[in-house]
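This report describes a protein model, beginning with how its helices pack and ending with individual residues.

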Amino acid sequence: MARGLPSTAGLVRFCQKLNRLKTLEEPTRGTSLQRHLTTLDLTLLGVGGTVGVALFVFTGTVAKEMAGPAVLVSFIVAAVASLLAALCYAEFGAHVPYMGSAYLFTYVSVGELWAFLIGWNVLLQCLFVGAAMASACSSYLDVIFGHRIRSFTEAHVGIWRVPLLAQYPDFLAAGIILLVSTFILCGARITSWLNRAFSAITLVVILFIIILGCVLARPHNWSTEEGGFAPFGFSGIMAGAATCFYTFVGFDVIVASSAEAQNPKRAVPMAITISLGLVAGAYILVSTVLTLMVPWHSLDPDLGLADAFYQRGYSWAGFIVAAGSICAMNGILLSYVFYLPRMVCAMATDGLFFQVFAHLHPRTQVPMVGVLVLGVLMAFLALLLDVEALVQFLSIGTLLPYTCLGISIIGLRFQKVPPSSSLDPASPVGTEQASAPEPGQLRPALRSYLGFLGGCRPGAAVAWALGVLVASAITLDCVLVFGDSALHLPLWGYTLLLLLSSVMFLLSLLVLGAHQQQRRQDTFQVPLVPLTPALSVLLNIFLMLHLSSLAWLCFSIWMLIGLAVYFGYGIRHSKENQRERPGLTATRSSLEETVQALQPPSQAPAQEPDRTDQPTSP
């Protein structure tokens with residue numbers, strides 16, 4: 001082999017490092033947080049982290065620029081995709097009640113590199129969501145005060161005319177983030193109290209919008225004279241659904257806070273289900289009354305719901321909606337500032353991120369360094385960047401982790417749980433009778449029909465089927481989205497690719513379903529695996545392909561930066577890498593002993609006969 005080229009064994013070891021799985025023992029239990037959050041706390045945390053900018057700002061944007069009155073269908077599609085992802089989150093949150101969310105779940109089931117990229121992606125998403133919330137909140141405050149804040153800043157600082165930057169530095173948005181970060185430093189109890197207050201006000205305002213909106217509704221606004229119900233067609237509805245998807249991301253805050261829940265196995269699934277149902281119902285009803293109150297093409301995208309009441313002459317109602325939007329956006333900002341440092345703390349505890357972020361305050365158990373550093377960084381983004389630039393690629397930052405989460409659920413369900421697993425000492429996992437087939441093995445009833453799969457080692461056929469499932473899902477979605485537009489396929493080619501990808505997707509589902517799965521009676525599990533997570537993966541990829549090329553470009557640049565961080569720091573400081581080193585040392589010691597044993601007697605050490613005559617110590 002040429003000098004300087006890596007050997008085959010070196011490449012194998014390198015790939016094993018990238019795909020090594022996390023063992024859930026002392027690394028996650030080292031960051032012990034106080035367990036005092038109830039199911040109600042988690043539910044309100046999810047509602048507060050979800051109902052915000054989508055309802056009060058981007059409902060008008062999607063209605064006017066993407067879907068028209070069919071924005072309610074876009075929210076329904078996004079809600080279905082979110083429900084599938086939420087079920088996967090609920091299983092992981094009950095099964096692995098520790099900090100880390102999608103990052104941790106990917107780490108224990110897919111591999112280290114993929115977990116880091118998911119965590120890196122979620123980091124960016126949370127930074128931009130928080131900055132967008134603060135900027136939108138600042139804009140609503142400016143409207144309430146008659147644009148005096150904007151006029152004062154432009155008069156004393158000037159106007160910027162730089163792409164992606166705001167027209168003027170938004171000091172109010174930066175101050176809001178720093179104030180919220182200060183409350184987070186006080187501990188989870190104060191955060192929970194504030195979140196309850198914001199969530200209660202938000203729900204009251206939403207009920208006010210729905211009731212008064214139904215009174216002011218005009219069915220004529222959905223007529224063909226105003227453009228019809230779906231003026232942008234099916235593509236507009238799906239583009240709206242892709243944009244609306246990230247508005248349902250609040251339930252990952254519930255899972256990230258499961259380490260502080262009193263009974264995570266029961267509270268997490270219930271809180272996710274209740275919060276998602278409340279939020280989806282609110283989105284659908286509010287988007288319906290919005291487009292019935294005023295024609296969709298007359299909406300102001302910057303003011304959203306408040307503008308509809310101002311157009312109908314109800315200024316007092318517009319003021320109430322503006323005040324409610326401020327509470328809602330502060331609630332979602334509070335949730336993300338609460339969640340982000342804990343996710344980064346989990347990465348730092350595992351050694352994949354800088355160790356300083358793993359420090360917890362001894363009294364409040366709050367990751368102080370993470371709150372301070374990330375809060376300042378989020379405030380800097382809100383100070384300089386335009387709101388439209390902040391939300392350019394929020395959806396792709398949400399859809400990708402959920403896609404990996406669905407894949408992780410399938411992979412984890414067919415993995416054998418070692419008897420020594422310390423996830424829960426009282427857990428019945430691994431206590432199946434010896435005669436029962438292991439997860440990943442072919443079901444006994446199907447061995448006579450699928451004998452060609454019975455010869456594979458446990459898990460091999462599952463791994464291949466999962467790879468084919470993901471590849472066929474990507475192919476199928478690409479054909480559906482680009483087959484008759486960007487690819488310019490003839491009809492026979494379009495039909496052939498559609499049939500082949502559909503058949504491969506269904507066959508991979510059948511192969512996965514023919515194998516034994518883990519069965520747990522003590523906690524929540526996703527129903528209809530592998531069908532439910534597979535549909536989640538298929539729908540998420542379909543929505544991602546409807547996003548703009550600019551979103552994909554920004555996402556690619558951020559991923560390259562993340563790869564530089566991982567290969568420059570994370571791969572060397574990983575706790576799993578440190579766990580492997582004692583094994584390497586022991587292997588070298590055993591090799592040295594083997595070499596000494598194979599030496600001729602004349603080369604043996606002179607003192608060895610005396611050492612062997614000594615009595616053996618007990």
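Helix axes are lines fitted to C-alpha atoms over the stretch in contact, and the angle between two of them runs from 0 to 180 degrees between N-to-C directions. On that basis, α9 and α16 pack at an angle of about 165 degrees, with their axes 8 Å apart. Angles over 145 degrees count as roughly antiparallel, and α9 and α16 are therefore roughly antiparallel to each other. The model is a predicted one.

**Overall composition**

The protein has 25 helices and 0 strands. Of its 618 residues, 53% are buried. The accessible surface is about 27400 Å², and carbon and sulfur atoms account for 67% of that area. Among contacts between residues at least 6 apart in sequence, 83% join residues at least 24 apart.

**Helix packing**

Three helix pairs are described here, and their axis values are set out in the table.

| Helix pair | Axis separation | Angle | Handedness of crossing |
|---|---|---|---|
| α7 and α9 | within 8 Å | roughly 125 degrees | right-handed |
| α7 and α15 | within 9 Å | roughly 155 degrees | left-handed |
| α9 and α16 | 8 Å | about 165 degrees | right-handed |

Helix α7 covers residues 112–144, and α9 covers residues 171–185. Their axes cross at roughly 125 degrees, which makes α7 oblique to α9. On the α7 side, the contact is made by G130, A131, A134, S135, C137, S138 and L141, and on the α9 side by L172, A173, I176 and I177. These residues divide into 8 nonpolar, 3 polar and no charged.

The second partner of α7 described here is α15, which spans residues 315–349. The angle between the axes of α7 and α15 is roughly 155 degrees, so α7 is roughly antiparallel to α15. The contact of α7 with α15 consists of 27 nonpolar residues, 5 polar residues and no charged ones.

Helix α9 also meets α16, which covers residues 368–384. Which residues in α9 and α16 meet? From α9 they are F171, A173, A174, I177, L178, S181, I184 and L185, and from α16 they are M368, V371, L372, G375, V376, M378, A379, A382 and L383. This contact contains 15 nonpolar and 2 polar residues, with no charged residue. A173 and I177 of α9 take part in the contact with α16 and also in the contact with α7.

**L123 in α7**

L123 is located in α7. Is L123 buried or exposed? Its relative accessibility is 7%, so L123 counts as buried. Apart from neighbours within four places in sequence, L123 is in contact with L340, M343, V344, L374 and W558. In addition, L123 and P341 are 218 residues apart in sequence, while their C-alpha atoms are 9.1 Å apart in space.

**A271 in α13**

A271 is found in helix α13, residues 264–293. With a relative accessibility of 0%, A271 counts as buried. Leaving out residues up to four places away in sequence, A271 touches T39, L42, T43 and I254. The C-alpha atoms of A271 and V255 are separated by 9.4 Å, and these two residues are 16 residues apart along the chain.

**Loop residues**

R363 lies in the loop between α15 and α16. How exposed is R363, and what is its relative accessible area? The relative accessible area is 63%, so R363 is exposed. R363 and C186 are 177 residues apart along the chain, and their C-alpha atoms are separated by 9.8 Å.

The loop between α21 (491–513) and α22 (531–544) contains P530. A cis peptide bond joins V529 and P530, with omega about 15 degrees. L528 lies in the loop between α21 and α22 as well. Phi of L528 is near 55 degrees, a positive value in a residue other than glycine. L528 has a relative accessibility of 63% and therefore counts as exposed.

How values were computed. Residues numbered from 1 in each chain as written. Predicted model: local features only at pLDDT ≥ 70, side-chain atom pairs only at ≥ 80, totals over all residues. Heavy atoms only, no water. Helix = DSSP H or I, 4+ residues; strand = E, 2+ residues; numbered from the N terminus. Buried < 20%, exposed > 50% of the residue type's maximum accessible area, 1.4 Å probe, protein only. Contact = heavy atoms within 4.5 Å. Parallel < 35°, antiparallel > 145°, perpendicular 65-115°, else oblique. Left-handed = near helix turned anticlockwise from the far one by under 90°. Nonpolar A, V, L, I, M, F, W, Y, C, P; charged D, E, K, R; others polar. Areas by Shrake-Rupley, 256 points an atom, 1.4 Å probe, with all protein chains shown as cover.
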